[in-house]
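Me: Please take me through this structure slowly, feature by feature, and give me the general idea before the particular case.

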Amino acid sequence: MSAVGAGQLEQARVRAGAVAAPRKKPFLWQSVIVHALLVACIAVVAFPLYYAFVISTQDIQEVVQRPPRLYPSSHLLENYAEAWRKAHMGRMLFNSFVMGVTVAVGKIVISMLSAFAIVYFDFRGRMVCFWMIFVTLMLPVPVRLMSTYEVAGTLGWINTYQGLTIPLMASATATFLFRQFYMTIPNELAEAAQLDGAGPMRFLFQFLLPLSWANIAALFVVLFIFGWNQYLWPILITNTEAMRTVVIGLEALIPRSGTELPTWNLIMAGAMMALLPPVAVIIFMQRWFVKGLVESEK
Amino acid sequence: MQRTVFRSRWLPYLLVFPQVAVTVLFFFWPALKSLQLSLYRVSPFGDHMSFVGFENFAKLLGDPEYYQSVVNSFVFAGGVTLLSVGGSLVMAALATQKIRGLSAYRTLLLWPYGISSAVAGIIFLFIFHPTYGILPYFLSFITDYEFNWLLKGWIAMALVVTATAWTHLGYNIAFFVAGLLAIPGAVLEAADVDGAGPLRRFTSIVFPLVSPITFYLVVLNMVFAFFESFGVIDAVTKGGPGDATMIMVYKLYKDGFIGLNLGSSGAQSVILMALVIGLTMLQFRYVEKKVTYR
């Protein structure tokens with residue numbers, strides 16, 4: 001039955017009073033309440049971010065004034081410039097960027113290759129490889145903390161970019177996602193490619209890769225955020241300021257003792273700079289983000 | 001399981017090599033090393049090792065500080081999960097009502113996922129700040145209670161729980177919105193016809209239908225709270241005041257990396273490993289359930 005036909009039939013049945021109209025429209029006041037509740041929820045969720053922004057625009061007198069000033073002031077530029085200078089933000093943001101991109105790209109590439117091998121080849125040890133990759137799910141950084149550090153040390157990777165990124169690159173979820181995706185591609189495609197004389201690698205790059213871009217984009221968003229926000233591993237593996245990522249470097253700005261100036265405006269400026277890139281990625285790539293989150297967990 | 005189209009003696013090994021190499025070098029070998037360390041007494045610089053059997057475990061189990069860190073971890077993970085899964089379910093249920101603007105609302109609720117728990121912790125640290133924070137300031141009008149996280153352990157715990165739950169919201173909302181939108185309209189219409197109000201419809205129809213997702217998210221939030229929350233503790237409380245926010249992962253880091261007690265940190269790693277294996281098993285019960293629904 002065509003869609004038009006179904007619609008007409010539905011209308012006819014509604015007119016005839018045979019069934020209730022499809023889903024009564026809620027009363028106006030009901031949807032007003034829902035909107036109001038949602039706006040309230042958003043206000044609560046967004047308040048900490050709004051307040052951090054407000055503080056990042058104030059000078060110290062305004063930060064400590066009572067009652068607290070809950071709206072922005074005019075010191076945004078000087079605070080961000082001062083935080084940038086004081087905390088070496090440029091260097092730290094660069095390191096975070098390297099970490100986010102390298103971890104995401106690395107995970108995607110090695111997962112794509114291993115899923116391809118597991119799906120399209122029959123080889124001794126195939127299931128062993130599959131299970132090994134699977135088990136990494138159960139080995140987060142804390143359960144192998146000291147020994148992973150030791151391995152990185154043996155390789156001479158302490159305080160290097162490869163040490164920062166490569167040990168995090170194995171990805172069971174990305175491998176599963178690619179495996180699942182390859183399984184949905186009809187076998188005929190590979191057979192046809194073979195008949196045309198395409199070898200496996202050409203099949204991977206010319207046939208599978210172009211079909212995979214949506215998955216790659218989705219994974220990239222999620223994995224970039226994962227890499228950017230890593231904390232425990234960077235704090236172990238880096239030991240100079242030049243290698244710190246922004247998420248771990250911010251902590252140094254917090255005044256802990258009473259004798260320090262309460263420069264919370266600078267810390268909040270730093271926090272805004274640290275959170276803006278991943279939050280912007282979520283907002284501007286929302287479609288990929290949701291796809292990446294929901295599908296990579298299947 | 002596979003399609004097996006191509007044949008090659010060496011190519012598949014080359015293809016899996018990078019992933020398997022990382023897995024062996026940085027996952028399996030260190031995990032086995034942790035298992036081994038847990039059975040040894042190791043001198044602080046690792047140059048002398050003697051086999052002690054389960055002594056490290058026995059010591060941990062008899063150590064009130066370790067016991068405290070286990071309790072703290074469960075309080076922390078439980079609090080984070082309750083707050084963020086509960087809050088997300090309510091917000092997702094509101095956003096998926098038949099109203100305009102679903103995608104705008106979703107965008108406005110998703111973004112906290114991008115904030116690392118350490119950065120979130122720093123923001124909440126200021127909101128909770130005993131001298132400058134607005135929360136103690138406003139509370140001072142209502143009560144004389146000294147709302148100072150540096151002095152009161154439970155406030156420090158509330159601080160890190162709230163900050164962490166905040167960062168989990170986006171993740172949970174993404175899942176709940178997807179799950180709620182997947183509920184067939186006919187089911188809800190039937191409830192409408194039967195005259196069920198919005199609340200009744202939610203408790204007796206919608207909630208049971210999203211309960212597998214809820215279960216999955218509960219487990220996943222627990223895993224996150226247990227294993228990915230080092231940052232918020234390190235950036236904000238460092239386990240204090242006293243040991244009030246000393247969670248298992250932070251104690252492991254402190255004993256191993258700062259205290260150089262490798263045997264004990266190995267044993268703590270093994271206990272965490274058992275925990276994460278248990279939680280992952282639980283998580284897979286969700287996958288099984290989902291399969292039977294299809």
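Reply: A helix is here a DSSP run of H or I with at least four residues, a strand is a run of E with at least two, and both are numbered from the N terminus. Please keep in mind that this is a predicted model. With that in hand a loop can be placed by its neighbours: A:Asn159, for instance, sits in the loop of chain A between α7 (145–154) and α8 (161–165).

Me: What sign does the phi of A:Asn159 have, and is the residue a glycine or not?

Reply: A:Asn159 is not a glycine, yet its phi is positive, at about 65°. A:Asn159 counts as partly exposed because 14 other C-beta atoms lie within 10 Å, a number that falls between the limit of 12 or fewer for exposed and that of 20 or more for buried. Chain B offers a similar case in B:Lys238, which is likewise not a glycine and has a positive phi near 55°. B:Lys238 lies in the loop between α10 and α11 of chain B and is partly exposed, with 14 other C-beta atoms within 10 Å.

Me: Which peptide bond in the loop that holds B:Lys238 should I look at?

Reply: Look at the bond from B:Gly240 to B:Pro241, which is cis with omega near -5°; B:Pro241 is placed in the loop between α10 (230–237) and α11 of chain B. In chain A, a cis peptide bond with omega of about -5° joins A:Arg66 and A:Pro67, and A:Pro67 belongs to the loop between α3 (60–64) and α4 (76–86).

Me: How many residues of helix α11 of chain B are buried?

Reply: Of the 11 residues in α11(B), which runs over residues 248–258, 8 are buried, and the helix is therefore mostly covered. The buried ones are B:Met248, B:Val249, B:Tyr250, B:Lys251, B:Leu252, B:Tyr253, B:Asp255 and B:Gly256. Just after α11(B) comes B:Leu260, with a positive phi of about 55°. A lysine is also found buried in chain A: A:Lys291, in helix α15 (residues 286–296), is classed as buried because 20 other C-beta atoms lie within 10 Å. The C-alpha atom of A:Lys291 is separated by 9.3 Å from that of A:Val222, although the two residues are 69 apart along the chain.

Me: What does each chain look like as a whole, in secondary structure and in the share of buried residues?

Reply: Chain A has 15 helices and 0 strands, whereas chain B comes to 12 helices and 2 strands. Along the sequence, chain B reads α-β-β-α-α-α-α-α-α-α-α-α-α-α, and its C-alpha trace spans about 75 × 75 × 30 Å along the principal axes. Buried residues account for 45% of the 298 residues in chain A and for 44% of the 294 residues in chain B. Considering contacts between residues at least 6 apart in sequence, 75% of those in chain A join residues at least 24 apart, and the corresponding share in chain B is 72%.

Me: How many residues does each chain bring to the contact between them?

Reply: Chain A brings 84 residues and chain B brings 80. On the side of chain A, the largest share, 12 residues, comes from helix α2 (residues 28–56). By class, that side of chain A has 65 nonpolar, 12 polar and 7 charged residues.

Me: At what angle do helix α14 of chain A and helix α5 of chain B pack?

Reply: In general, two packed helices are described by the angle between their axes and the distance between the axes. Here α14(A) (residues 264–284) and α5(B) (residues 117–127) pack at about 150°, with axes 10 Å apart. Because angles over 145 degrees count as roughly antiparallel, α14(A) is described as roughly antiparallel to α5(B). The crossing of α14(A) and α5(B) is left-handed. A:Trp264, A:Ile267, A:Met268, A:Ala271, A:Ala274 and A:Leu275 of α14(A) make the contact with B:Val119, B:Ile122, B:Ile123 and B:Phe126 of α5(B). By class, this contact has 10 nonpolar residues, no polar and no charged ones.

Me: Which residues have the most contacts inside the largest nonpolar core?

Reply: That core has 174 residues, and those with the most contacts inside it are A:Phe116, A:Ala271, B:Val119, B:Ile122 and B:Leu159. A:Ala271, B:Val119 and B:Ile122 also take part in the contact of α14(A) with α5(B). Leaving aside residues up to four places away in sequence, B:Leu159 touches B:Phe124, B:Leu125, B:Phe128, B:Trp149 and B:Val236.

Key:
Residues numbered from 1 in each chain as written. Chains lettered and ligands numbered in written order. Predicted model: local features only at pLDDT ≥ 70, side-chain atom pairs only at ≥ 80, totals over all residues. Contact = placed C-beta atoms within 7 Å. Nonpolar A, V, L, I, M, F, W, Y, C, P; charged D, E, K, R; others polar. Axes fitted to C-alpha atoms, helices over the stretch in contact; angles between N-to-C directions. Parallel < 35°, antiparallel > 145°, perpendicular 65-115°, else oblique. Left-handed = near helix turned anticlockwise from the far one by under 90°. Core = buried A, V, L, I, M, F, W, Y, C linked by C-beta atoms within 7 Å.
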